[in-house]
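Biologist: Before we look at the model, could you help me understand why particular words are used for particular places in it? I would like each word set beside its rule.

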Amino acid sequence: MSRPQKILAIETSCDDTSAAVVDTKYNILSNIISSQGIHEKFGGVVPELASREHIKGILPVVDAALNRAVCSLEHIDAIAVAVNPGLIGSLLVGVSFAKGLAASLDKPLIAVNHILGHVFVNFIEYSDIEFPFISLIVSGGHTELVKFYSIDEFDVLGRTVDDAAGEAFDKIGKLLGFKYPGGPHIDAYAKKGDKNKIDFPRPMLHQNNYDFSFSGLKTAASLYLKEHKIKKDSDEIYDFCSSFQNAIVDVLFQKTIKTIKDSSLKNLLLAGGVAANSQLRNRFERYSKKDKIKLYIPSIKLCTDNAVMIGAAAIQKLKKKKFTSMKINPSPTKGIRSL
Ligand code: KG4
Ligand code: ZN
């Protein structure tokens, strides 16, 4: 039997510098993530600082990934890198580094769409996923419902018409005085509150489509904060966080179930940083226990940005020998794309 091939994967699309080694049998040999704490105090990612931090971090992070995998560069069969979407200055660091490495080692280069990576990381942890499936992709920049027919054939059925779900969490988190990103803080505070205390709007919930909108909810929540003078240390913060999170989860859940029912599919993959949200996970898990759907959710560490997900999507491409020209340039354009 032939030995599994190894991929060195690199992810620098936003504020995490990450490198991983995975093999074509879907084993994680290493996964190093260096998160840039520098943005916390600004309440959001500062693009110029992010690219500078990637420049400082990329070499040590790649070195650490190779060391942890007990693997030298000569044993790597391909270099994979996230090329879109993301912050252009951040992507440039990873893509330039990966191109240089691939050229100097004479190894193939594999370009990966970051959003596709979020979806395909599920294949690392589950071996029984079958096409076709629906994926709910929820991250800091994206909220999309996508029907997959195969690795490179899919239709976007719906997406947000304004803010992404993660963006709504982060913007309200900033107003509350939480460090960036706000999502995990709101999740933690929500656990101690009453989710039905404040009746926040559920935008587009009853429209007959698969699209989302979160900017109206964000405005309603920020007006409520101002009116009731709620801050991190107010008594009401727990009910506020719980009710705000409940409104987001409700819309994500109900629109996804509509998609599942309308398409008569049963396989659902969750993907992206917001899939780490405890209420979202619980709600879908409860539904799947009634045997209504077959649910796949990445473990929490693999929901948020990491290079394993870039490696996971690259495995499929390496098997099909879908390599990338050295002329590839990164692009910030949003959305899921096959490459
Ligand atoms: O996928 P990701 O790491 O980066 C992007 O591609 O955007 O997602 C980051 C987003 C942030 O908006 C963050 O607040 C959100 O995921 N997030 C959460 C949780 N953990 C991360 N949102 C709600 N609850 C969480 N537990
Ligand atoms: Zn992401």
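Modeller: Let us begin with Ser264, which lies in the loop between H8 and E9; helices (H or I, at least four residues) and strands (E, at least two) are DSSP runs, numbered from the N terminus. This is a predicted model, in which local features need pLDDT of at least 70 and side-chain atom pairs count only at pLDDT 80 or more, while totals for chains, interfaces and linings use all residues. Residues are numbered from 1 along each chain as its sequence is written, chains are lettered from A and ligands numbered from 1 in the order in which they are written, and side-chain values use heavy atoms, with hydrogens and water left out.

Biologist: Why does Ser264 count as exposed?

Modeller: Its relative accessibility is 64%, and exposed means over 50%, buried under 20% and partly exposed in between (1.4 Å probe, protein chains only), so Ser264 is called exposed.

Biologist: What makes the phi of Ser264 worth pointing out?

Modeller: The phi of Ser264 is near 55 degrees, a positive value in a residue other than glycine. Most residues other than glycine have a negative phi, and most peptide bonds are trans. Lys229, which is not a glycine, also has a positive phi, of about 50 degrees, and its place is in the loop between H7 and helix H8 (237–263).

Biologist: Is Lys229 buried or exposed?

Modeller: Lys229 is at 69% relative accessibility, so it counts as exposed.

Biologist: Which peptide bonds are called cis?

Modeller: One joins Asn84 and Pro85, with omega about -15 degrees, and Pro85 lies in the loop between strand E4 (78–84) and helix H2 (88–105). Another runs from Tyr180 to Pro181, with omega near -5 degrees, and Pro181 has its place in the loop between H5 and H6.

Biologist: Why is Asn122 called buried, and what does its side chain reach?

Modeller: Asn122, in helix H4 (residues 122–125), has a relative accessible area of 0%, and therefore it is buried. Its side chain reaches the backbone oxygen of Val119 at 3.0 Å, which fits the rule for a polar contact (a pair of N or O atoms within 3.5 Å; within protein, one must be able to donate a hydrogen and the other to accept it, and residues adjacent in sequence count only if both atoms are side-chain atoms).

Biologist: Are Asn267 and Asn196 buried or exposed?

Modeller: Asn267, found in strand E9 (residues 267–271), has a relative accessible area of 14%, so it is buried. Asn196, in the loop between H6 and helix H7 (215–228), has 58%, so it is exposed.

Biologist: What makes you list Gly183, Gly273 and Asn277 as polar contacts of ligand 1?

Modeller: An oxygen atom of ligand 1 is 3.2 Å from a polar backbone atom of Gly183, and an oxygen atom of the ligand is 3.0 Å from a polar backbone atom of Gly273. A nitrogen atom of ligand 1 is 3.0 Å from an N or O atom in the side chain of Asn277. The elements that give two or more residues to the shell around ligand 1 are helix H3 (114–120), helix H5 (165–176) and helix H6 (182–190).
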